[in-house]
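Student: Hey, got a minute to walk me through this one? I'd like to start with how the chain is divided up.

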Amino acid sequence: PSRVLSLFTPSGRPTLGNLLGALLPSARLLPTADCVFGISDLHALTSEHDPARLRERSLELAGLAIAAGIDPARCVLFLQSNVPAHAELSYLLESTAHYGEMQRMIQFREKSERQSAVRLSLLTYPALMAADILLYQATDVPVGADQAQHVELTRDLAARFNRRYGPVFTLPRAVHPPMAARVMDLSDPGAKMSKSVDSPGTIFLLDPVDVVRRKIMRAVTDSGTSVAYDSEAKPGVSNLLAILSATTGTPVAELSPGSYGALKKETADAVIALLEPLQRHYATLSADPATLETVLRTGAERARERAASTVTAAKEAMGLLAA
Ligand code: ATP
Ligand code: MG
């Protein structure tokens with residue numbers, strides 16, 4: 001079976017985009033694949049962050065992932081910082097990668113332009129991401145288009161390492177799970193909905209349902225009146241159709257709301273029907289943080305066991321002596 005590694009960074013509060021594009025597609029893989037699901041808290045340190053908020057967000061994300069169907073009994077669910085092998089292998093991969101190829105990464109260029117004091121970890125981030133993937137010998141990495149370049153670099157680093165030091169790593173590939181939707185900002189449908197962007201067009205998974213309804217009813221639509229999917233000419237309407245399709249599991253072609261108003265109402269109803277049970281499940285989990293912490297501790301133990309043999313093999317291959 002395929003070995004799948006999914007990562008999710010607690011860099012903000014999870015959105016409907018994260019749910020439809022990543023959490024639900026990952027949850028659908030659980031029955032057929034061997035899944036490792038990491039909450040990449042170390043990646044959240046690559047930009048200015050608040051420690052108290054990171055703690056909260058890591059637990060919130062763990063709870064939301066479980067509520068979305070990432071069942072810790074059927075996968076390995078853990079916090080990256082609880083498994084020291086990630087940082088350890090990251091260093092070995094930094095010693096395999098070149099400065100130029102890190103600097104060329106589009107995400108580094110974009111994010112570093114927007115900051116005055118760029119953390120060094122933002123530059124080396126792809127080495128840590130490569131470690132996240134290679135430690136578990138993952139075959140498949142479900143990612144959006146924005147992360148495809150990092151998976152490509154991971155393959156290059158793994159192949160370079162294997163050629164130079166011997167066959168230690170499985171070469172992974174980026175996969176786009178079926179039914180993974182790309183959700184755009186409701187108030188600016190030209191831009192992706194993002195958890196780190198503060199916009200009135202972002203639906204957060206823990207928004208009260210009346211707020212969710214209001215945000216969808218206020219979504220930007222397009223000129224004209226016909227409801228048709230055309231992401232170029234009608235980005236607002238197309239985004240609502242894509243959301244309605246992904247939340248109900250109905251192909252876009254089979255959706256036929258008669259008007260913009262009907263489309264918004266149907267979409268709001270469908271999103272709320274999806275979020276309500278998720279929010280209830282989350283409330284139960286967050287009412288008992290000790291249990292959630294135990295789940296994460298158990299996940300970390302299992303992740304440490306799985307990661308150990310890879311990091312040992314990589315160190316040995318590079319000429320580092322065993323203790
Ligand atoms: P950030 O703004 O911090 O980059 P983000 O919302 O883009 O946050 P990521 O942590 O970068 O979230 O990505 C987590 C997962 O969610 C990835 O698999 C990514 O492809 C997916 N994802 C993020 N935004 C969307 C979106 N708008 N639609 C669909 N999938 C998304
Ligand atoms: Mg992103």
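Tutor: Sure. First, a term: the domain bounds come from an automatic or database domain assignment. And keep in mind that this is a predicted model.

Student: OK, so which domains does the assignment give for the chain?

Tutor: It gives domain 1 (3-180 + 289-318) and domain 2 (184-285). Their centres, taken over C-alpha atoms, are separated by 28 Å.

Student: How many residues does the contact take from each domain?

Tutor: 17 residues from domain 1 and 16 residues from domain 2.

Student: On the side of domain 1 that touches domain 2, which elements give two or more residues?

Tutor: Those are α1 and α2 (51-67). The largest share, five residues, comes from α1. That side of domain 1 divides into ten nonpolar residues, six polar and one charged.

Student: Switching to the ligand. What's closest to ligand 1?

Tutor: The closest residues are G17, G21, G144, S194 and S196, out of 20 that surround ligand 1. Helix α1 (residues 16-29) provides the largest share of that shell, five residues.

Student: Where do the shell residues come from, domain-wise?

Tutor: Domain 1 and domain 2 each supply at least three residues to the shell around ligand 1. By type, the shell has seven nonpolar, ten polar and three charged residues.

Student: And the overall fold, how many helices and strands?

Tutor: Eleven helices and seven strands. The radius of gyration of the chain is 21 Å, close to the 20 Å that the globule rule gives for 323 residues, so the chain is as compact as a globular protein of that length.

Student: What share of the residues is buried?

Tutor: 41% of the 323 residues in the chain.

Conventions
Residues numbered from 1 in each chain as written. Chains lettered and ligands numbered in written order. Predicted model: local features only at pLDDT ≥ 70, side-chain atom pairs only at ≥ 80, totals over all residues. Near = placed C-beta within 6 Å. Helix = DSSP H or I, 4+ residues; strand = E, 2+ residues; numbered from the N terminus. Nonpolar A, V, L, I, M, F, W, Y, C, P; charged D, E, K, R; others polar. Rg over C-alpha atoms; globule rule 2.2 N^0.38 Å. Buried ≥ 20, exposed ≤ 12 C-beta atoms within 10 Å, placed from the backbone. Contact = placed C-beta atoms within 7 Å.
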